[in-house]
Amino acid sequence: MYNKIIKLIIAAGIIAYAIYQIIEGYVGNGIALILLAGVFIFLYFKNEFILLAFLRLRKQDFPGAKKWLDKIKNPEGALVKKQQGYYNYLHGLMTMQDNMNDSEKYFRKAINLGLSMKHDLAMAKLNLAGIAFSKRRKQEAQKLLSEAQKLDKHGMLTDQIKMMKQNMKKAVGPNQHFGAGGSLRSQKRRSR
């Protein structure tokens, strides 16, 4: 995996050669080379391996997505900050079923690094709310759930948010015991 700066150096070299081609009168070659440089600039901001991992996830191919993400050896050197967020976001999605502790770390790191799409940020917070709720941290789960609901402007996650709220209400039902309260020993004393 190449460092992200190498992509910019290649793009700058191609643009310089494109300008030379245009000066020499080969305008068509120059325009084609500028478009080619645009591809390298695009890949600086949107990493090719993360794009391929997203395509694999769209097909529910988790091992294939993991294979593409594993090709990124040094995420700090190879990715810009937002892409590092997506790298951690994808890892969080893939480890959600196996290891919730690792998944929580990945989602928190993705939120700290930033995600460019609001619905991705909402999805990360929704998953964190589910993890917090499963670990019996109800207040944190409710806070994350409300943040996810605010971020979900287009209503893409409304069903999942409603389902999560219903699950939270069911689990937090009244904890009443009918009849005599207290321990068995105190109940026996009362009956004497």
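In this predicted model, a nonpolar patch of about 730 Å² lies on the surface and is made by Ile5, Leu8, Ile9, Ile15, Ile19, Ile23, Ile41 and Phe45. Two elements, helix H1 (4–23) and H2, each give two or more residues to this patch, and the most is given by H1, with 6 residues. One of the patch residues, Ile19, has its place in helix H1. With a relative accessible area of 46%, Ile19 falls between the limits of 20% for buried and 50% for exposed residues, and is therefore classed as partly exposed.

Helix H2 also holds Asn29, which is likewise partly exposed, with a relative accessible area of 43%. Asn29 and Tyr17 are 12 residues apart along the chain, and their C-alpha atoms are separated by 9.6 Å.

Attention now turns from the surface to the interior. In soluble globular proteins, nonpolar side chains tend to be buried together. The largest nonpolar core of the model has 35 residues, and those with the most contacts inside this core are Ile50, Leu69, Ile72, Tyr89, Phe107, Leu115 and Leu145. The elements that supply two or more residues to the core are helix H3 (48–58), helix H4 (62–70), helix H6 (81–95), helix H7 (100–113), helix H8 (118–134), helix H9 (138–151) and helix H10 (158–171). Of these, H8 provides the largest share, 8 residues. A second core, separate from the largest one, consists of 5 residues, among them Ala11, Ile14, Ala18 and Ala37.

Helix H6, one of the contributors to the largest core, was examined in further detail. At 1.5 Å a residue, a helix of 15 residues such as H6 should span 21 Å, and the end C-alpha atoms of H6 are indeed 21 Å apart, so the expected and modelled values agree. Because 12 of its 15 residues are buried, H6 is largely enclosed by the rest of the structure. The buried residues of H6 are Gln83, Gln84, Gly85, Tyr86, Tyr87, Asn88, Tyr89, Leu90, His91, Gly92, Met94 and Thr95; Tyr89 is also listed among the residues with the most contacts inside the largest core. The surroundings against which the buried residues of H6 pack comprise helix H2 (27–45), H3, H4, helix H5 (75–78), H7 and H8. Helix H2 thus appears in two settings, as a contributor of two or more residues to the nonpolar surface patch and as a packing partner of the buried residues of H6.

Technical notes: Residues are numbered from 1 along each chain as its sequence is written. This is a predicted model: local features need pLDDT of at least 70, side-chain atom pairs count only at pLDDT 80 or more; totals for chains, interfaces and linings use all residues. Side-chain values use heavy atoms; hydrogens and water are left out. A nonpolar core is a set of buried Ala, Val, Leu, Ile, Met, Phe, Trp, Tyr and Cys residues joined through side-chain atoms within 4.5 Å. Buried means under 20% relative accessible area, exposed over 50%, partly exposed in between (1.4 Å probe, protein chains only). Helices (H or I, at least four residues) and strands (E, at least two) are DSSP runs, numbered from the N terminus. The expected span of a helix is 1.5 Å times one less than its number of residues. Contact means heavy atoms within 4.5 Å. Patches are made of residues with over 30% relative accessible area and no salt bridge: like charges are joined within 9 Å, nonpolar side chains (Val, Leu, Ile, Met, Phe, Trp, Tyr) within 5 Å. Accessible areas come from the Shrake-Rupley method with a 1.4 Å probe; for residues, only the protein chains shown count as cover. A salt bridge is a side-chain nitrogen of Lys or Arg within 4 Å of a carboxyl oxygen of Asp or Glu.
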